[in-house]
Amino acid sequence: EKGGHDYFMLKEIEEQPEALANTLRGHFSDGVVLDEQRLSEQDLRDIGKVFVVACGTAYHAGLLAKYAIEHWCRIPVEVELASEFRYRDPVLGRDTLVVAISQSGETADTLEAVRHARTQHARVLAISNTNGSQIPRESDAVLYTHAGPEIGVAATKTFLAQIAANYLVGLALAQARGTKYAEELEREFEELAAMPEAVRSALSTVGKTRELAARFSESKAVLFLGRHVGYPVALEGALKLKELAYMHAEGFAAGELKHGPIALIEEGLPVVVNMPSNKGSSQLHAKLVSNIREIQARGAHTIVIAEEGDDAVRPFADELIEVPAVPTLLQPLVSAVPLQVLAAEVARNRGYDVDKPRNLAKSVTVE
Ligand code: F6R
């Protein structure tokens with residue numbers, strides 16, 4: 001049942017191309033199609049502000065929604081931990097869309113954030129992997145990620161599916177608000193639709209990542225760096241390592257290094273760096289290369305995830321993991337793969353139960 005794997009999580013990592021394809025399938029035909037839609041076109045057109053609320057890995061997917069929705073729709077987006085959201089009296093109204101992301105659809109904090117939003121007359125759109133769960137039931141619109149059941153406690157395929165779902169929501173808003181022409185929407189969707197294949201090819205990094213994991217299993221800590229859409233991926237890489245391998249891990253926006261975290265760098269410390277594309281955002285690329293040089297000079301062991309053909313970073317990578325070149329916003333879908341494998345394999349090498357990490361539950365129904 002684990003498809004020949006030692007644990008479900010690896011099987012679920014390998015199911016990601018399919019999970020993505022299933023999430024995209026049926027959600028686009030002449031525009032984005034939601035699973036449930038109790039909002040009018042006018043309601044969507046009137047949205048002037050978006051909040052994304054979620055916990056844990058879903059929150060990291062939510063952070064990525066901001067890049068896409070602001071870029072495509074020109075609406076300000078705030079992403080907030082569901083457990084913090086309602087305690088600070090956020091400014092909500094009929095022109096506010098709250099996007100609640102929850103794999104289980106039952107997470108107590110996310111559900112309470114939804115309930116709070118509704119008392120303030122905000123519109124609520126749920127992204128969930130579980131049909132008929134509570135959060136979708138209490139929302140005005142629903143987009144289901146059809147990733148299939150996830151047995152491993154750590155979210156993997158549902159993370160990628162959530163990212164794709166966010167992008168669909170971004171396209172739906174762009175469509176309603178008219179910030180993108182039909183042909184542009186179509187083109188963005190085509191790029192998304194090409195991602196299952198790209199993720200399949202990113203899975204060719206599994207073997208190399210397993211070898212790396214075997215070498216770093218006894219490290220005291222691991223740092224993860226990224227910028228732009230690579231930053232939420234760094235946070236997710238660190239969360240996976242904490243929850244599965246019980247290892248100290250932190251994700252940082254690389255530009256923050258100099259403001260404190262660089263003091264953590266010491267001889268032999270593994271630092272995983274998520275490189276942006278060397279093409280479009282080459283300014284960021286150059287900045288990350290200079291970050292890598294700084295930390296390498298201080299003894300860090302750099303594990304670099306970069307797109308294929310990125311020769312500029314090669315000389316500074318102690319270890320290089322190459323993922324397929326894809327459009328910038330979609331890069332997290334391929335760069336998350338080796339980070340998931342790294343965490344799972346470090347955990348396995350340390351003798352832990354990868355599918356059932358200590359102290360954690362798949363669905364967190366208490367606050
Ligand atoms: C981490 C993980 C958790 C969940 C979080 C939210 O691997 O799985 O951080 O992402 O508990 O759960 P859902 O998405 O069910 O609301």
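## Close-up views of the cavities, pockets and ligand site

**View 1. The largest cavity has a volume of about 80 Å³.** The structure shown here and in every view below is a predicted model. A search of the whole structure finds two cavities of 30 Å³ or more, and this view takes us to the largest of them. Twelve residues form its lining, and those nearest the centre are Val 229, Pro 276, Ser 277, Thr 328 and Gln 331. By class, the lining holds four nonpolar residues, seven polar ones and one charged residue.

**View 2. The second largest cavity holds about 30 Å³ of space.** Look here for Phe 216, Val 222, Leu 241, Ile 303, Leu 342 and Val 346, which make up the lining. These six residues are nonpolar, with no polar and no charged residue in the lining. Leu 241 falls within helix H12 (230-245), a helix we will meet again beside the ligand.

**View 3. The largest pocket has a volume of about 580 Å³.** It is lined by 28 residues, and Cys 55, Gly 56, Thr 57, Lys 362 and Val 364 are the closest to its centre. Several elements each bring at least two residues to this lining: helices H4, H6 (108-119), H8 (157-177) and H12, together with strand E4 (96-102). The lining divides into twelve nonpolar, eleven polar and five charged residues. This largest pocket is also where you will find the ligand, which takes up its space.

**View 4. The ligand is surrounded by 14 residues.** The closest of these are Ser 102, Gln 103, Ser 104, Thr 107 and Glu 243. Two helices, H4 (56-73) and H12 (230-245), each supply at least two residues of the shell. H4 gives the largest share, with three residues. Sorted by class, the shell contains seven polar, five nonpolar and two charged residues.

**View 5. Oxygen atoms of the ligand pair with N or O atoms of Ser 104, Lys 240 and Thr 57.** Start with Ser 104, where a side-chain N or O atom is 2.7 Å from a ligand oxygen. For Lys 240, the distance from a side-chain N or O atom to an oxygen of the ligand is 2.7 Å. Thr 57 uses its backbone instead: one of its backbone N or O atoms lies 3.1 Å from a ligand oxygen. On its own, the ligand has 410 Å² of accessible area, and the protein covers 88% of this. To place these contacts in the fold, note that Thr 57 belongs to H4 and Lys 240 to H12, as the helix ranges show.

**View 6. The second largest pocket has a volume of about 150 Å³.** Its lining includes Tyr 67, His 71 and Trp 72, along with Glu 188, Glu 191 and Leu 192. Two helices, H4 and H9 (182-193), each contribute at least two residues. His 228, Pro 327, Thr 328, Leu 329 and Leu 330 also line this pocket. In terms of class, there are six nonpolar, three polar and two charged residues. Two features link this view to earlier ones. Thr 328 lines this pocket and is also among the residues nearest the centre of the largest cavity. H4 supplies residues here as well as to the lining of the largest pocket and to the shell around the ligand.

Note on methods: Residues are numbered from 1 along each chain as its sequence is written. This is a predicted model: local features need pLDDT of at least 70, side-chain atom pairs count only at pLDDT 80 or more; totals for chains, interfaces and linings use all residues. Side-chain values use heavy atoms; hydrogens and water are left out. A residue is near a molecule or strand if one of its heavy atoms lies within 4 Å of it. A polar contact is a pair of N or O atoms within 3.5 Å; within protein, one must be able to donate a hydrogen and the other to accept it, and residues adjacent in sequence count only if both atoms are side-chain atoms. Accessible areas come from the Shrake-Rupley method with a 1.4 Å probe; for residues, only the protein chains shown count as cover. On a 1 Å grid over the protein atoms alone, a cavity is a set of points where a 1.4 Å probe fits but cannot get out, and a pocket is an open set with protein on both sides within 12 Å along at least five of seven lines; lining residues have an atom within 4 Å of a point. A molecule sits in a cavity or pocket if more than half of its atoms lie within 2 Å of its grid points. Helices (H or I, at least four residues) and strands (E, at least two) are DSSP runs, numbered from the N terminus. Ala, Val, Leu, Ile, Met, Phe, Trp, Tyr, Cys and Pro count as nonpolar, Asp, Glu, Lys and Arg as charged, and the others, Gly among them, as polar. Grid points are joined across faces, edges and corners, and a volume is the space filled by probe spheres set on the points.
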